[in-house]
Amino acid sequence: MSEKKKGSSKIKNKLLDKYRLVILNENTFEERIAFKLNRLNVFVFGFAGIILLIMITYFIIAFTSLREYIPGYSSTALKKQATALSYKTDSLQRVLALNERYYTSIKKVLQGDVSASNINKDSIIEATKLEASEVDLKPIIEDSLLREKVDKEDKYNLFESAISSTNFVLFPPVSGTISEPYNLKEKHYAVDIAVTKDTPIKATADGTVIFSEWTASTGNVIIIEHSYGLISAYKHNAALIKSQGDLVKAGEVIATAGNSGELSTGPHLHFELWNDGYPINPTNFIDFK
């Protein structure tokens, strides 16, 4: 027991032994600062300094923007920004895909680059091949009953009925003689109407001008986007009256007929109709006489 007491007293004495830390002037050996220390004080102050340094570092990282410079650390604001950018990127990709499809259809209108196999699959082309005389238009009993039921419902309907696509009427852009008809085999996806120079060209329906420029092969071209996925194109014009982005009404003058472009052989209107990226025969819907 005495040996243990002696050992503990030695340790206590070592911890409590006083030392003097003196800072002297090297040239004059004048005493500037002096500290009285012991091992216990040095240990306590050192441990407290380490704790203080850890706390300061924690507050800097947790409550200042310096944490963003630490590799591998991401703040909540950065995560929100990354999520928002991800959503915007996805939306932009969808818009770009839709625009790419839209521009592809416009390119088809300008170049007439459509294969016959694709056109034959189009329901609109198949429907236009049928003559009215070959179709039995006599209503059946079920159709008459349905019509009567719909008439009764509409009679007491308080809301305005939606406009049906069957009421969508196309007007002739010009009146004249068809010099070259629509020919699917020869890839002539339009009708050429012979007219005199500077004849007013009118919009076949309400819509928005999506192209109004000069091209080398087809001269002055104007393209209008209508409802129900319909696009009309007017080529070889002498002058363009409407510009891209203009809203036009059916029958409104949009250009004047001419003989512009390398593929033109005389004053005429090259008129095309496209539906959802497929050409259709304009004479099935418009009377040019």
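**Figure 1. Arg94 is an exposed residue, with a relative accessibility of 58%.** The model shown is predicted. The side chain of Arg94 meets the side chain of Asp90 in a salt bridge, with 3.4 Å from N to O. Both residues belong to helix H3, which covers residues 76–111, and they are about one helical turn apart because 4 residues separate them along the chain. Asp90 has a relative accessible area of 33%, so this residue is classed as partly exposed.

**Figure 2. Lys197 and Asp198 are joined through their side chains by a salt bridge.** The N to O distance is 3.4 Å. Lys197 has a relative accessible area of 53% and is therefore exposed. Asp198, at 45%, is partly exposed.

**Figure 3. A salt bridge connects Lys242 with Glu252.** The closest N and O atoms of Lys242 and Glu252 lie 2.7 Å apart. This pair links distant parts of the chain, with the two positions 10 residues apart in numbering. Lys242 sits in the loop between strand S8 (230–240) and strand S9 (247–248). Glu252 sits in the loop between S9 and strand S10 (253–257). Lys242 is buried, because its relative accessibility of 17% falls under the 20% cut-off. Glu252 is partly exposed, with a relative accessible area of 25%.

**Figure 4. The structure holds 4 salt bridges.** Among them are the pairs Arg94 and Asp90, Asp198 and Lys197, and Lys242 and Glu252. Side chains that carry opposite charges can pair when their charged atoms come close.

Technical notes. Residues numbered from 1 in each chain as written. Predicted model: local features only at pLDDT ≥ 70, side-chain atom pairs only at ≥ 80, totals over all residues. Heavy atoms only, no water. Buried < 20%, exposed > 50% of the residue type's maximum accessible area, 1.4 Å probe, protein only.
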